[in-house]
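User: Could you take a close look at one part of this model for me, the packing between one pair of helices, and tell me how it sits among the bigger contacts?

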Amino acid sequence: MRSIFTTGAAALAAATILSGSAFAESHAALSGDLVIFSDMSNPAPRAVMEGMVERFGEMHPDLNIELTIIDREAYKTQIRNFLQANPPDVANWYAGNRMLPYVEAGLFTDISDLWEEGGLTETLASTQASMTIGDGIYGVPYTYYQWGVYYREDIFEELGLEAPETWDEEIANCQAIIDSGRFCYTIGTKFLWTAGGWFDYLNMRTNGYDFHMALTNGEIPWTDDRVRATFANWQQLIDMGAFLENHQTYSWQEALPFMVNGEAAAYLMGNFAVAPMREAGLTDDQIGFYQFPQIDPSIEMAEDAPTDTFHIPSGANNVEAARAFLLFVTSAENQTLINGGDGLGQLPVNSQSSVDDDEFLSAGFEMLSQNSPGGIAQFFDRDAPAEMAQVAMQGFQTFMVDPSSLDSVLDRLEQARQRFY
Amino acid sequence: MFPTPIAKTSRTWQLTYQTLLPVAMVLWLLPLLAVMWFSIKPGADFTTGNYWGLPSSFEGFANYFLVFTGSDMPRYLWNSVMITVPTVAGAVALSCMTGFALGVYRFKGNLLIFFMFVAGNFVPFQILMVPVRDLTLDMGLYDTRIGLVLFHIAFQTGFCTLFMRNFIRALPRELIEAARVEGVSEWRIFWYVVLPLMRPAIAALAVLIFTFIWNDYFWAVVLTQSPESQPVTAGITSFNAQYRAMYHLMSAGSIVAAIPPVAMFFAMQKHFIAGLTLGAVK
Amino acid sequence: MTMTAMPETEIAAPPRRFRQQAIAPWLFLLPGLLFFSVYVIVPIIQSFQISFYDWNGLDRPDGTSTAVYVGLENYRDLWDDPDFWTSLRNNAIWLVLYLLAIPGGLFIALFLNQTVTGIRLYKSLFFFPFVISQVVVGLVFTWFYDPTFGMINELLGLVGLGPVNILGDTRYATYGIIAAGLWPQTAYCMILYLTGLNAVDPEQIEAARLDGAKGPKMLWYVVLPQLRPATFIAFVVTVIGALRSFDLISIMTDGGPGFYSTSVLAFYMWDVALSEFGFRMGYGSAIAVILFLIMLIYIAGFLWKMYRDEKGV
């Protein structure tokens, strides 16, 4: 839906909002059109995006901002078209390998100078690596979120269970849940990526972050025994009947009601799942969160925390305004605001921002900053190149449906690895 | 008449037939009836597992109202109209001319050109996909309705030419010959002699193309992206993404998306079937 | 079809008219040919060309392409690509099973070819799945098959069977989609046959009846031969429909579950070239070329028949 915020007066309001060093550049009067394409199409993110545009517009009354919000799934296939055909001035995308094809084709602008001038190298230091390809920095992050296990606290209580910390506890818990006639985990793998999340965690817990990164970079054969060990752990859960039946027919949203209805006890998901859980009627007392349990004590814990980003396409017309917008988005103040519980409900990227005191955000922030010494991964389909991610996730789904297919699945993935890297 | 007319058969078979008809029809339309059923239920029925029972309350109006007010659906429908109508006009206009040229004149290459149109009509879309997408991008028409319209006109010309040419072939030639002897120019023969005779073909073709284009999904996905230009077939997937797992709304949305071609069919049934069976091939 | 000879008029015509008649067809053809060449003929040639390149579909901002010439490599990769063979095999299944629409359509047409009150409405209602877009048909059947609330499991439950997850099981999913596709396609064939039955010569039927023919025998020896044009058309549209199947697959399973288990060439091509993770335009074009060549055999056959008809009259 396109909403055009042609800004009115509101100069006074703008003056009060203007503060902080990050806005230095934006003091210069901006004019003309600023075209933004965004994939923040779910209700809460949409409101956040529209809110940001409105506030930025109030700061720059002469700037005409055109915001186009495109369905998040559709956006993924459409970005390659509009980057060439009608590039906006600012576009959403993801960090890591997902931006590689566009960077290689020169469709994203290198904004390392903006990072220097705007002091982003300090305030956003933790995410700089994920935005860097070669010598260039090709965008800014605006949010990230933890992954982990969201579970029905009330069901755990009813069964007398505690959040598991080790694999043995995990298995014991799961058995108890199954015995009570429920599934341990709901999951919908129709669109594949949810299975990628499971693989990320099992592999990072079984073999560690560095191994996981080497694997997604194509440096390790999929037929390696260590990879098999990961799948063996996975199979243990599958064989118990831990996962929702018929998961291959559901999207992640369609799998959610099973947890809400109490037919499944937990969900390995990103923090974005909390909002729909609350909407569906679960109270915060019913929802709990725990870090994916340890499998091998000698392996340091590592986490998935996908980062969403803004970029300036090479074809941008109003680069000046686009740069100012990126600084605005990443400023400490805006970061605190948009990532709060009434906004995205995620984690701010700016180190000077404060994390909302929402139960799950605090837990996630603590986990990522203190309890993830191994490293922080983006997500399977962002760490692995696109084609490899596709095949691999099809393989994960095949395996989850029928674990006896493991050998043929691994052979397929190994063939794909040799072809795609 | 085959099979034997029911009036001439035994009483029992007559009765059986009369009862069989509605039963068969209900079975045939079952999947569709199920969706209609869903579309009048409240959302709560789906969370409580009451899928097939009576609706706990009648929410038909509310559901359909929401489809029109809570989403981009009206826009998608409008886009479909603005894509379909110009395509029908364009394809029919072009093919009246090509059909006339190929049906009336004898010249070298006539059959070759005709066969080219026919063959083009059978081509799998996929072989056109990548280049047509690039072409549309290069012309700056990506994600515009006009970009989609231009392609549809071009592609439908193949089928329409086949249809029109065969129709013109079957017209009495004497009319044209007589006009020529009178010294009427070729353009005027086309306009005043042949075109009026083609009215039934034009009507049939128009209805047919309307349905084909309205129901196109593939090209809508390849050539458009935003609610500004996407027709309802592509829009329904975004609509479903917005209301994921809310079956009552998705059902209502699907029904709304299906209605225009169905209405067209019932209104223009005679032409539609004439078109399907005369032109023969899609 | 008549092919009235024109030479007399041409000879009799004065030179100016003669020129006009020579130029006129080309003027009439011009707009149609132009459109058709730009959007159909040239793209076909380009697809052949692109299939020799490794290209992710992106151009640099200065307009230069990122494509790299790789010769026949895409085709060699296809040969070793199990997903390609899965898709091809599914194409074959589609082609064979889709033909069921023809006897199915005939059966319903025979059933409905009566004159009782309201039969017109019945005919329309039976036909109308064909008018609905495949997207809606796909959605409708997806829900019909749904493992938790799908009507099919309710029905199977009544006879003590199930539940089955048709679209989630690699063994059944393709058949489930084909069944959905058969629904509108059968309706299409039905209408073709209904029209055909209208044109069946009643005298021949009566004559055969007097000779004692009835039921299946009558159908086979007397009715079907007269329905040959309808059967031919039904065959043509059904084969094309089968080879073009894309919408239903995309809506119902998105090619899954697993490794493209329900994919066909048309879908696979789209998926490797333009979907979320698909960036291989050259590879996709190679698949399209193969699909085109398969179709070409069929197109050639069709054109050959048309050619004979044209010359024969």
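Analyst: Let's settle one term up front: two residues are in contact if their C-beta atoms, placed from the backbone, lie within 7 Å. This is a predicted model, where local features need pLDDT of at least 70 and side-chain atom pairs count only at pLDDT 80 or more, while totals for chains, interfaces and linings use all residues. Residues are numbered from 1 along each chain as its sequence is written, and chains are lettered from A and ligands numbered from 1 in the order in which they are written.

Now the setting. Chain C and chain B meet through 81 residues from chain C and 81 residues from chain B. On the chain C side, helix H2 (residues 15–50) gives the largest share, 19 residues; helices here are DSSP runs (H or I, at least four residues), numbered from the N terminus. That side of chain C has 61 nonpolar, 16 polar and four charged residues. Ala, Val, Leu, Ile, Met, Phe, Trp, Tyr, Cys and Pro count as nonpolar, Asp, Glu, Lys and Arg as charged, and the others, Gly among them, as polar.

Chain B itself is assigned domain 1 (6–63) and domain 2 (71–279), with bounds from an automatic or database domain assignment. Their centres, taken over C-alpha atoms, are 34 Å apart. Ten residues of domain 1 of chain B touch eight residues of domain 2 of chain B, and helix H2 (residues 30–39) of chain B brings the largest share of the domain 1 side, four residues.

On to the helix pair you asked about. In chain B, the axes of helix H11 (residues 199–214) and helix H14 (residues 247–267) come within 10 Å and cross at roughly 165 degrees. The axes are lines fitted to C-alpha atoms over the stretch in contact, and angles run from 0 to 180 degrees between N-to-C directions. That crossing makes H11(B) roughly antiparallel to H14(B), a label for angles over 145 degrees. The crossing of H11(B) and H14(B) is also left-handed, meaning that the near helix is turned anticlockwise from the far one by less than a right angle.

Who does the touching? H11(B) puts in B:Val207, B:Phe210, B:Thr211 and B:Trp214, and H14(B) answers with B:Pro260, B:Pro261, B:Met264 and B:Phe265. By class, the contact of H11(B) with H14(B) comes out at seven nonpolar, one polar and no charged residues.

Methods
Helices (H or I, at least four residues) and strands (E, at least two) are DSSP runs, numbered from the N terminus. Angles under 35 degrees count as roughly parallel, over 145 as roughly antiparallel, 65 to 115 as roughly perpendicular and the rest as oblique.
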